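This report introduces the strands, helices and ligand surroundings of one model. Please keep the sequence and the structure in view while reading.

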Amino acid sequence: MDKILVIGALGQLGSELSLALRDIYGRDNVVITDIKEPSGKLADGPSEILNAMDREKLFELADKHQITQVYHLAAILSAKGESDPKFAWQLNMDSLIHVLDLAKEKNLKRIYWPSSIAVFGPSTPVDNTPQNTIMDPNTIYGISKLAGERWCEYYHNKYGVDVRSLRYPGLIGHKAKPGGGTTDYAVDIYYKALEEGKYECFLSENTYLPMMYMDDAVKATIDLMQAEESDVKVRSSYNISAISFSPKEIAESIKKEMPEFEISYSPDFRQKIADSWPNSIDDSSARNDWGWSHQFDLDKMTSEILTGLKPLLN
Ligand code: AKB
């Protein structure tokens with residue numbers, strides 16, 4: 001019987017992934033943790049307060065709930081990390097090493113940890129970025145994710161820890177708001193479209209970035225975690241991709257449903273971060289090794305989000 005612990009369960013990805021895991025493994029077999037109490041649907045099931053840096057409590061909770069798998073999602077993202085780089089490094093790295101040690105010492109079946117397109121940098125090829133290529137990240141978030149990938153592969157090779165990981169592009173969903181990312185404009189834009197009919201974007205109109213609708217991200221994560229061990233050939237982190245678009249293109253997609261919508265541009269410090277990331281990603285390893293495929297294109301995503309968000313804002 002699998003018993004799952006989710007760390008950072010109230011974040012943008014965690015709040016949707018935790019519900020999907022409860023559907024699959026049963027409500028009582030998914031213990032969600034975060035630094036505050038859950039509310040709404042997430043409150044319906046076991047939960048604990050956990051600061052991801054608290055190693056002792058992590059080990060205690062793993063024993064208490066007889067945990068066999070951990071999804072460690074807590075992190076400080078790219079834009080926010082720049083305001084306190086040392087803290088971002090400490091949180092992102094210490095918490096991962098605690099989880100890897102837990103898996104090693106308690107012989108856990110499997111762990112999941114997300115990486116990001118932020119591992120790439122200005123010298124990386126920008127179009128169809130390969131799985132293995134030049135990586136020179138220049139945000140502390142990207143540096144911590146690249147170091148984290150190396151730790152994951154090291155624990156797999158040296159101690160046999162079954163750790164699996166995806167390099168997420170910008171994740172877009174409307175059920176929980178992201179915090180502190182560079183790709184977050186593609187979430188904010190839908191809220192502002194419905195609330196104010198206009199949006200001032202912090203990236204310039206032709207900034208292409210790899211993106212993914214949340215349902216696809218949840219599916220990718222679960223597909224990877226349920227793949228046969230022998231099919232998981234990349235133990236640092238898999239490139240994964242769905243759609244790539246610019247602020248101008250997402251605005252055009254919104255205009256198809258809301259012709260009165262207006263966008264303006266006022267690039268800030270996040271432009272430099274976005275400019276150092278790829279335009280699009282080659283995810284053929286994920287597609288070949290464990291059968292990844294995405295389902296949402298830009299217009300399908302826009303229509304789902306506007307329909308889902310409208311009743312929440314009224
Ligand atoms: C961010 O913008 O920092 C994140 C990411 C791409 O990992 N959404």
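## Helix crossings: a term and a first case

A crossing of two helices is called right-handed if the near helix is turned clockwise from the far one by less than a right angle, and left-handed if it is turned anticlockwise. In this predicted model, helix α6 passes α8 in a right-handed crossing. Two packed helices are described by the angle between their axes and the distance between the axes. For α6 (residues 185-196) and α8, the axes cross at roughly 30° and come within 11 Å.

Which residues make this contact? From α6 come Y185, A186, I189 and A193, and from α8 come P247, I250 and I254. The contact of α6 with α8 consists of 7 nonpolar residues, with no polar and no charged ones.

## Helices α8 and α11

Helix α8 (residues 247-257) also meets helix α11 (residues 298-313), where the axes come within 9 Å and cross at roughly 55°. The two helices are therefore oblique to each other. The crossing of α8 and α11 is right-handed.

On the α8 side the contact involves E249, I250, S253, I254, K256 and E257, while α11 contributes L298, D299, T302, S303 and L306. Residues of all three classes take part in the contact of α8 with α11: 4 are nonpolar, 3 polar and 4 charged.

## The sheet of six strands

Strands of a sheet pair through backbone hydrogen bonds, either parallel or antiparallel. One open sheet of this model has 6 strands in the order β3-β2-β1-β4-β5-β7, and the pairing is parallel. Its edge strands, each pairing on one side only, are β3 (47-49) and β7 (163-164).

Strand β2 (residues 30-34) is joined to β3 by 3 bridges, and the two strands run parallel. What is the bridge partner of T33 in β3? The partner is E48. Helix α4 (residues 85-105) packs on the sheet and touches β4 (69-72), β5 (110-112) and β7. The direction of α4 makes about 170° with that of β4.

## Helices α4 and α5

Helix α4 is also packed against helix α5 (residues 140-159): their axes come within 10 Å and cross at roughly 15°. That angle makes α4 roughly parallel to α5. The crossing in which α4 passes α5 is right-handed.

In α4, the residues that meet α5 are P85, A88, W89, N92, M93, L96, I97, L100 and K104. Their counterparts in α5 are I140, Y141, S144, A147, G148, W151, Y155 and Y159. The contact of α4 with α5 divides into 13 nonpolar residues, 3 polar and 1 charged.

## The sheet of three strands

Another open sheet has 3 strands, in the order β6-β8-β12, with parallel pairing. Its edge strands are β6 (115-116) and β12 (238-239), each of which pairs on one side only.

Strand β8 (residues 166-168) runs parallel to β6, and 2 bridges join them. Within this pairing, S116 stands opposite Y168 in β8.

## Surroundings of the ligand

Where does the ligand lie in relation to these elements? The residues around the ligand include S116 and Y168, which stand opposite each other in the pairing of β6 with β8. Y141, which is among the α5 residues that meet α4, is also around the ligand.

The other residues around the ligand are L77, S78, I117, A118, G170, G181, T182 and T183. The shell around the ligand divides into 5 nonpolar and 6 polar residues, with no charged residue.

Key: Residues numbered from 1 in each chain as written. Predicted model: local features only at pLDDT ≥ 70, side-chain atom pairs only at ≥ 80, totals over all residues. Near = placed C-beta within 6 Å. Nonpolar A, V, L, I, M, F, W, Y, C, P; charged D, E, K, R; others polar. Pairing = 2+ DSSP bridges. Helix = DSSP H or I, 4+ residues; strand = E, 2+ residues; numbered from the N terminus. Contact = placed C-beta atoms within 7 Å. Axes fitted to C-alpha atoms, helices over the stretch in contact; angles between N-to-C directions. Parallel < 35°, antiparallel > 145°, perpendicular 65-115°, else oblique.
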